[in-house]
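Here is a set of short exercises to work through with the model open beside you. Try each task before reading its solution.

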Amino acid sequence: MIGTLDPARRLMLGAIGLVGFLGLWALVAASGLVGKAFLPGPLDVAARLVALLHTSFAGGTLLVHLGSSLQRFTAGYALAALVGVPLGLLMGRFRLLDDIVSPIFDALRFIAPIAWVPFAALWFGTGFGGPVLIIFSGAFPPCLLNAYRGARQVDARYIEAAEMLGTPSHRLILEVLLPASVPSIVAGLRIGAGLGWQSLVGAELIVASTGVGYMMVQAQSGVSTATVMVGMVAIGLVGVLIDVALRTVEARIHRRLGRA
Amino acid sequence: MSSIRFDAVNKTFGGGQIKALEDIDLDIADKEFMAIVGPSGCGKTTCLRLAAGFEFPSSGRVLVGNSEVTQPGPDRAVVFQQFALFPWKTVAENIELGLRNKNVPRAERRARVAEAVGMIGLDGYEGAYPHQLSGGMQQRVAIARAYVLDPQVLLMDEPFGALDAQTRVVMQEELVRLARRNPRTVLFITHGVEEAVYLADRVAIMTRRPGRIKEIVDVKSVREADHWEKCARIEDVMDRESFIHLRTHIWRSLREEKNGAEH
């Protein structure tokens with residue numbers, strides 16, 4: 001049924017939902033059922049957000065914290081993509097590698113990114129490496145899995161055609177498996193980005209001295225609920241922006257491949 | 001010297017449950033054009049896949065030249081029924097890939113690709129992608145991709161099956177010209193009896209599953225005795241009594257097989 005709605009109608013319904021949510025929040029906050037220190041209204045949070053854009057909190061403005069979060073995210077995510085996609089393609093081509101790596105990978109991927117926090121803290125303290133390791137653990141599995149599945153699902157005709165043309169392995173991976181798996185790989189990169197962003201902020205709650213997560217922990221100990229909620233809003237908004245950006249890339253690639 | 005030899009080949013699928021080929025003995029001489037016809041599902045494509053090295057016999061041997069087939073390779077170029085061009089590569093890139101794999105120098109590659117494109121009459125389409133071409137043009141690219149490697153053996157799996165009738169005729173005439181000018185060992189799979197008689201030196205008729213070679217019909221001696229090469233067009237050849245005689249003979253033989261089939 002969702003597919004039958006036109007975009008304008010969907011946008012309007014989405015707006016109704018958002019306004020309803022904010023209204024309910026404002027109502028509960030104004031009712032006095034919860035203390036104002038623990039549940040500030042939407043307007044208070046908005047005012048706090050604006051204030052944090054130019055006043056410093058826990059070592060920086062909101063944008064400074066966001067910037068340092070994004071830096072870690074980029075490092076961990078790039079590492080996950082650069083290792084995960086090639087390894088996934090290689091595993092999709094070479095049965096031996098698949099058999100060697102799969103058991104380790106299957107066991108490791110059930111360790112939630114947040115479960116890496118104590119280990120990361122021991123290794124890196126509050127340095128750059130800890131959050132990078134944690135975001136890597138979140139973003140890596142979908143990057144690898146989607147490249148692997150993409151490579152395994154390539155139409156056998158293309159592989160047979162390449163083999164009968166005498167194509168060596170490295171070229172078969174780069175020029176046949178990779179282009180044929182692009183839709184699957186891009187979907188994996190998008191899922192990986194979402195999971196990576198989620199795990200990064202979780203990691204910053206514990207092992208970091210800057211970043212949105214760190215800002216929120218500092219606000220918590222100062223019982224500045226509005227600041228905590230500004231952090232949540234910022235995480236949500238940036239997450240949506242990352243997703244929209246990657247969806248756009250994905251749609252563009254599908255349009256290009258759709259003509260094929 | 002590149003003959004193809006099926007030596008007591010059996011092939012089963014599904015852990016021996018399905019018997020696809022039974023005791024296939026078939027010798028295709030160097031530079032001979034052999035067509036295999038048979039009812040659908042009789043295993044003719046399996047024969048080609050064994051020669052290509054995509055699959056291997058359950059028992060018996062498949063030899064190309066003097067060595068047993070162990071893997072696919074550019075000495076045995078395949079033209080697939082569904083073309084199998086790489087959609088993300090242009091016409092020129094599709095044709096060029098096999099030459100790059102052989103480490104042919106760039107200048108020579110360019111010349112040979114240009115020659116191949118000219119041969120199939122697609123000058124000006126070098127930069128086009130497969131989806132921008134008609135089915136007939138795509139199949140010509142697939143043929144050029146195989147021919148450009150100058151393979152000793154050409155394996156063609158119903159290459160014209162997906163084309164409309166007019167395009168098919170043009171392609172058949174082209175293939176006859178190419179094959180007579182530059183003869184190769186060809187294994188040609190088809191269910192078109194006329195196509196087989198028109199193109200091949202010999203036609204092998206297969207039984208329905210499990211596929212066996214039922215009969216081998218010699219076309220070449222008839223063709224040469226009756227001077228089919230003087231006919232410019234396929235329909236002129238098809239009008240000749242010698243052609244009709246061979247065609248009808250093969251049809252009868254196939255009909256006997258089909259009568260026992262499910263439909």
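Domain bounds here come from an automatic or database domain assignment. Residues are numbered from 1 along each chain as its sequence is written, while chains are lettered from A and ligands numbered from 1 in the order in which they are written. Please keep in mind that this is a predicted model, in which local features need pLDDT of at least 70 and side-chain atom pairs count only at pLDDT 80 or more, whereas totals for chains, interfaces and linings use all residues.

**Exercise 1. Domains of chain B**

Task: Find the domains of chain B and describe the contact between them.

Solution: Start with the bounds: domain 1 covers 4-75 + 154-262, and domain 2 covers 84-150. Next, take the C-alpha centres of the two domains of chain B, which lie 25 Å apart. Then list the contacts (two residues are in contact if their C-beta atoms, placed from the backbone, lie within 7 Å). Domain 1 of chain B brings eight residues to the contact and domain 2 of chain B brings nine. Finally, sort the domain 1 side by residue class: seven are nonpolar, one is polar and none is charged. For this sorting, Ala, Val, Leu, Ile, Met, Phe, Trp, Tyr, Cys and Pro count as nonpolar, Asp, Glu, Lys and Arg as charged, and the others, Gly among them, as polar.

**Exercise 2. The six-stranded sheet**

Task: Work out the strand order of the open sheet of six strands in chain B, and its edges.

Solution: First, the ground rules: helices (H or I, at least four residues) and strands (E, at least two) are DSSP runs, numbered from the N terminus, and two strands pair if DSSP finds at least two bridges between them. Following the pairs gives the order β6-β7-β8-β3-β9-β10, with mixed pairing. At the edges stand β6 and β10 (213-218) of chain B, each pairing on one side only. From one strand to the next, the twist averages 15° (axes are lines fitted to C-alpha atoms, for helices over the stretch in contact, and angles run from 0 to 180 degrees between N-to-C directions).

Now check individual pairs. β6(B) and β7(B) are parallel over four bridges, with Ala77(B) opposite Leu154(B). β7(B) and β8(B) (residues 185-189) are also linked in the parallel sense, over five bridges, and Asp157(B) faces Ile189(B) there. By contrast, β9(B) (residues 202-206) and β10(B) pair in the antiparallel sense over five bridges; Val203(B) has Val217(B) as its bridge partner.

**Exercise 3. Surroundings of β7(B)**

Task: Is β7(B) buried or exposed?

Solution: Apply the burial rule: a residue is buried if 20 or more other C-beta atoms lie within 10 Å of its own, exposed if 12 or fewer, and partly exposed in between, with C-beta atoms placed from the backbone. Five of the five residues of β7(B) are buried, so this strand is largely enclosed by the rest of the structure. Split by face, Val153(B), Leu155(B) and Asp157(B) are buried on one side, and Leu154(B) and Met156(B) on the other. Helix α4(B) (residues 135-147) lies across β6(B) and β7(B), running at about 180° to β6(B).

**Exercise 4. Contact between the chains**

Task: How many residues of chain B are in contact with chain A?

Solution: Counting gives 20 residues of chain B against 14 residues of chain A. Among the elements of chain B, β6 (76-79) and α2 (91-101) each supply at least two residues of this side. By class, the chain B side has 13 nonpolar, five polar and two charged residues.
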